Amino acid sequence: MTDQSFRTELDADGVLGIVWDMASRSMNVLTEGAIRELADIVERVASDDQIKGAVISSGKEGSFSGGADLTMLEGLARLYASEMAKHGEAAAAKALFEESRKLSQLYRRIETSGKPFVAAINGVCLGGAFELALSCHYRIASNDKATRVGLPEVKVGLFPGAGGTQRVARMLPPGDALQMLMKGEQIRPDKARAMRLVDEVAPKDEILSKAKAWILAGGKATKPWDEKGFKLPGGPVWSKAGFMTFPPANAIYRRETQDNYPAIRAMLQAVFDGLQLPMDLALTVESRQFAKVLRSPEAAAMIRTLFVSMQELNKGARRPAGVPKSELRTVGVVGAGFMGAGVAYVSAQAGLEVVLVDRDQDAADTGKAFAQKLISGQVSKGRATGAERDALLGRILATSDYERLKDCGLVIEAVFEDPKVKAEVIQKVEAVIADDAIFASNTSTLPISGLAKTSKRPENFVGVHFFSPVEKMLLVEVIQGKETGDRAIATALDYVRAIRKTPILVKDSRGFYANRCVIAYMLEGHLMLTEGVPAAMIENAAKQAGMPVGPLSLNDEVALDLGLRIVDATRAQLGDDAVNPAQEKLLRTLVETHGRLGRKNGKGFYDYPEGAKKRLWPGLKDLQPVHLDPDAIDVAELKKRLLVTQALEAARTVEEGVVTDVREADVGAILAFGFAPYTGGPLSYIDGMGPKRFVELASALAELHGERFRPNRLLLDLAETGDTFYGRFAGEKAPAAAA
Ligand code: NAD
């Protein structure tokens, strides 16, 4: 067999070892083949009298399994679309329901097979794999550092539909269960034990023997909910405790998601209905909700962007072919300020040696102290050990001596945003590094091709644009200047992967990619304010549209004076017409008249009182020339404006060739600035409604609010030809769930 997923071995005591070890993959995943194989094994266990019980473990060194192969689920959505075309909606819904519940039925078969099954978990065990473990009669997790269990399905627009919602809700008090399911967190073994999600925690090399011992000691092959008299941990749904849980859960769902995530709503429904039924019926209810969610455009879009595309980019989809993998051991970071200190920290955390250079020893030491602060925080939270902290700090050499950069294969500069300072640094660094070393600039506004002019080796010069705070943000834009060579791109992409972030490859242009969309978003918020929309309504409309922070909040984070500097730079480079006078007046008044710079000085669109929550600055009202009647404002239109303006900017970057891969536009927008994730990103947002409808919407907004909403040529063309971004640029047929 070429693609076997499981090995089995029956020992002399009658315990069957089922080892999950997919020949063709580095990590086990649930595929159609794996499910079929496991189903056969389960039947063998159930029917063979010689087998007393079974232990399921993984043959992979550091992991159990990441769960279902989501491309398999994409296939299910396609099945629905094709059945729909052939036999109509009712038949398509039935086919999808039957097909998508096979895993759930297999797990129920394990649970009711009459033989005890134990899951012996080492490493990550997530999603469908943890649902497998939950269907076993006993779970032992290793206390290994890498071990995590959890049900993260909600993060890709799904929910645990193979019994996960029903089992968790019968094992934990309902409040805890709902929280776990809604958050989708990865849980460490000790916490999982405390929550009773696993029964035992043991050293890695003991989990198999303990699993076997549990079976031989007469481990029970019946779940509590299949026994007479079973009582739910928190009492019945229709009880005082139930009333304390489910109505607030609905409110929390609305607060956290603004009802943009149908999967979470369906999951709450499945738990609420399922807990009132015996297990088999409850699983049917769950399967119905799951099939419904699989058909949702949100699930299709989120799976594509947040799983498939992200994985492809992480695996180096954009890496120039034929360039050998770079063997980076030591990186240099020049400029130990806000960004440089973060870059040094994430690099050292990934195991790289770091030479951190600043103008003098004190400044370099301050940068290293930032790393010390972050890693010490990890230690105090129990996420790192003292030895790990010492090792990490040992990898950062803070110095003012450029000579120490000589062995670095890659040097990243994060000095002041001033072309003269940058030119001087480029020269000093190039004087000491090897001819084939790569120089990267973290500039956010200066063109890479311009900076490369001051380099002796422009083919080795590349942009590596981080977002702040570096230690939290998951995206890095790799910027390709006019002369940037393949080896520089490959090295930058390899480096970004080494520090476990997601890279997107962007052509050199003003604002690169992500900041262009963000600037459009903030502009829209500013303009709404000047039109007389109450500030709170702007912020709320943004959240209702699915943005993690409102445009005014976001501007406070990046600083209002920076916003004003960008306005000035835009005028200098592109002329008066490129600047919006209403926005300029607003920012100038805030910064120059009122000294409001944003969160950094405690005064921006918001006030930041010590020890209290931030609140909108009451003085904003006085800056508004008019005040609209809130009841007369169309909130739905505000929401559309905030998303459409960003999507238009993304579409422009594609037309201009700044972004050349639609996956990158979508992944980048969600990771860099949280573009409403349920849409799958700005291009998926356009494709989701169809470019024709989007063009109509944008054109209508242009009539009402100005030329910034005018759709570009590419959009008009897509609308006219009935094409989509993913259809034209990624060769996709119809979007899976659009049918
Ligand atoms: P910063 O002012 O906090 O840090 C700059 C550091 O560079 C200072 O420590 C300074 O002492 C040092 N420096 C200046 N001249 C030097 C020289 N000749 N040799 C060595 N060190 C020198 O600035 P920052 O916010 O960290 O920004 C740095 C770069 O990162 C800029 O290009 C900026 O555009 C870019 N960037 C900033 C952000 C952000 O959010 N702040 C985001 C992305 C990119």
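**Exercise 1. Find your way around the chain.**
Into which domains is the protein divided, and how far apart do the C-alpha centres of domain 1 and domain 2 lie?

*Solution.* Start with the division: domain 1 covers 6–295, domain 2 covers 330–510 and domain 3 covers 515–729. Keep in mind that you are looking at a predicted model. Next, take the C-alpha centres of domain 1 and domain 2, which are 42 Å apart.

**Exercise 2. Trace the open sheet.**
Work out the order of the six strands in the open sheet, and explain why one side of strand 1 and of strand 9 is left without a neighbour.

*Solution.* Step one: the strand order reads 1-2-3-5-7-9, with mixed pairing. Step two: strand 1 (6–10) and strand 9 (200–202) are at the edges and have a single partner strand each, so one side of each lacks a neighbour in the sheet. Step three: on average, neighbouring strands of this sheet are turned by 20° against each other, ignoring direction.

Now zoom in on one pair. Strand 5 (residues 117–121) runs parallel to strand 7 (residues 138–142), and four bridges join them. Within this pair, Ala120 of one strand is opposite Ile140 in strand 7.

**Exercise 3. Add the helices.**
Which strands do helix 5 and helix 9 touch?

*Solution.* Begin with helix 5 (residues 128–135): this helix packs on the sheet and touches strand 2 (15–20), strand 3 (53–58), strand 5 and strand 7. The direction of helix 5 makes about 130° with that of strand 7. Then turn to helix 9 (residues 207–216), which also packs on the sheet, with strand 2, strand 3, strand 5, strand 7 and strand 9 as its contacts. Here the angle to the direction of strand 3 is about 165°.

**Exercise 4. Explore the ligand's surroundings.**
Which of the 22 residues around the ligand come nearest, and how much of the ligand does the protein bury?

*Solution.* First, list the nearest residues: Met339, Asp358, Glu417, Lys422 and Ser444. Second, look at distances to oxygen atoms of the ligand. A polar side-chain atom of Asp358 is 2.7 Å from one, and a polar side-chain atom of Ser444 is 2.8 Å from one. Gly337 contributes a backbone N or O atom, 3.3 Å from a ligand oxygen. Third, consider the area: the ligand taken alone exposes 830 Å², and the protein buries 80% of that.

Finally, ask which elements give two or more residues to the shell. They are helix 14 (338–349), helix 17 (419–430) and strand 15 (461–466). Helix 17 gives the most, with three residues.

Methods. Residues numbered from 1 in each chain as written. Predicted model: local features only at pLDDT ≥ 70, side-chain atom pairs only at ≥ 80, totals over all residues. Heavy atoms only, no water. Pairing = 2+ DSSP bridges. Axes fitted to C-alpha atoms, helices over the stretch in contact; angles between N-to-C directions. Contact = heavy atoms within 4.5 Å. Domains from an automatic or database assignment. Near = heavy atom within 4 Å. Polar contact = N/O pair within 3.5 Å; in protein donor to acceptor, adjacent residues only side chain to side chain. Areas by Shrake-Rupley, 256 points an atom, 1.4 Å probe, with all protein chains shown as cover.
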